[in-house]
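Colleague: Hi! Could you walk me through this model? I'm new to reading structures.

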Amino acid sequence: MAGHSKWANIQHRKGRQDAARSKLFSKLSKEITVAAKMGDPDPEKNPRLRLAVKEAKSQSVPKDVIERAIKKSQGGDSEDYEEIRYEGYGPNGVAVIVEAMTDNRNRTASNVRSTFSKNGGNLGETGSVGFMFERKGEVVYPASVGDADTVFEAAIEAGAEDVESSDDGHIIYCADTDLNEVSSVLEEQLGESESTKLVWKPTTTTELDLDAMQKLMKLIEALEDDDDVQRVTTNFDASDEVMAQL
């Protein structure tokens, strides 16, 4: 299973999601505000907003917080956020993509650059690692929704491209432009997903040992602690033995 999926499992196991819940809520709220501002404030008429609301609900963001984020987009005083992607290398040459939303490009660039250099990585030019990833839609279901064959059939019928099934659950991939449609059909077949979002899926991975993995975790956690950073993706891979020791 590719690095970004394994990373979600590490976070879940370590309870980091609980520790960082308020930070996560504010990042999800920011995405809702930006999506609503760029399009229609009605999720049914705005696919990006619909996905943002769906992802927020899957992370247990309260309804009033979601409504407040949409309302904020309609107010004249809402901040103007700019979406920026940074690319760089972590320990052992692991490729790292950092997606940010900021109202101050200089502050964010400076913080991201300094976080990379303090944690054994270095920030590259845009495009320096992007070619090692594909933009995909990702829908995640728990293992309990059905066996691998059932989920695979439902996914292909819905227009998905690929499914990765394991004891941890099912990860369904589709073309980035098809995510709204595929996730809606899957919802009819399999019920509410655990997560529905656009991701950077690695096309090549870098195998890490325990030491390099621990260094990478420090870098990712430091980047994710930045309020301007929405999401961090890497192309690491690690054996089950290394994962068990983390």
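Modeller: Happy to, and let's begin with a term: two strands pair if DSSP finds at least two bridges between them. Keep in mind that this is a predicted model.

Colleague: Okay, so which residue is the bridge partner of Glu-138 in S6?

Modeller: That is Tyr-173. Glu-138 belongs to the stretch 133–141, which is strand S4.

Colleague: In which sense do S4 and S6 pair, and over how many bridges?

Modeller: They are antiparallel, with six bridges. Val-140 is another residue to look at, as it stands opposite Ile-171 in S6.

Colleague: What holds strands together in general?

Modeller: Strands of a sheet pair through backbone hydrogen bonds, and the pairing can be parallel or antiparallel.

Colleague: And what does S6 do on the S5 side?

Modeller: S6 pairs with S5 too, in the antiparallel sense and over five bridges. Val-163 stands opposite Ile-172 of S6 there. The two strands form a hairpin, with two residues between them.

Colleague: What is the strand order in the sheet?

Modeller: It runs S5-S6-S4-S7 in an open sheet of four strands, with antiparallel pairing. S5 and S7 are the edge strands, each pairing on one side only. On average, neighbouring strands in this sheet are turned by 30° against each other, ignoring direction.

Colleague: How many residues of S6 are buried?

Modeller: Seven of the seven, so S6 is largely enclosed by the rest of the structure.

Colleague: Let's switch to helix H7. Which of its residues are buried?

Modeller: H7 covers residues 148–158, and the buried ones are Val-151, Ala-154, Ala-155 and Ala-158. They sit on the same side of the helix, because they cover an arc of only 100° around its axis.

Colleague: What do those buried residues pack against?

Modeller: They pack against strand S5, strand S6 and helix H8, which spans 179–190. So we meet S5 and S6 again here, this time as packing partners of H7.

Colleague: And which exposed residues are on the face turned away?

Modeller: Asp-149, Glu-153 and Glu-157 are the exposed residues on that face of H7.

Colleague: What happens at the two ends of H7?

Modeller: At the N-terminal end, Asp-147 acts as a cap: one of its side-chain oxygens lies 3.3 Å from the backbone nitrogen of Asp-149. After the helix comes Gly-159, which has a positive phi, near 100°.

Colleague: New topic: is Ser-195 buried or exposed?

Modeller: Ser-195 is in strand S7. Its relative accessibility is 9%, so it counts as buried, given that the cut-off for buried is under 20%.

Colleague: Which side chain does Ser-195 make a polar contact with?

Modeller: With that of Glu-55, at 3.1 Å. Leaving aside neighbours within four places in sequence, the residues in contact with Ser-195 are Glu-55, Ser-58, Glu-138, Val-139 and Val-140. You have met Glu-138 already as the bridge partner of Tyr-173.

Colleague: Nice! Now zoom out: how many helices and strands does the chain have?

Modeller: There are ten helices and ten strands. Buried residues make up 48% of the 246 residues.

Colleague: And how does the radius of gyration fit a compact globule?

Modeller: It agrees: a compact globule with 246 residues would have a value near 18 Å, and the chain has 18 Å. Along the principal axes, the C-alpha atoms fill a box of roughly 50 × 45 × 35 Å.

Colleague: What share of the contacts link residues 24 or more positions apart?

Modeller: Counting contacts with a separation of 6 or more, that share is 74%.

Definitions and conventions. Residues numbered from 1 in each chain as written. Predicted model: local features only at pLDDT ≥ 70, side-chain atom pairs only at ≥ 80, totals over all residues. Heavy atoms only, no water. Buried < 20%, exposed > 50% of the residue type's maximum accessible area, 1.4 Å probe, protein only. Arc of directions from axis to C-beta. Contact = heavy atoms within 4.5 Å. Polar contact = N/O pair within 3.5 Å; in protein donor to acceptor, adjacent residues only side chain to side chain. Axes fitted to C-alpha atoms, helices over the stretch in contact; angles between N-to-C directions. Rg over C-alpha atoms; globule rule 2.2 N^0.38 Å.
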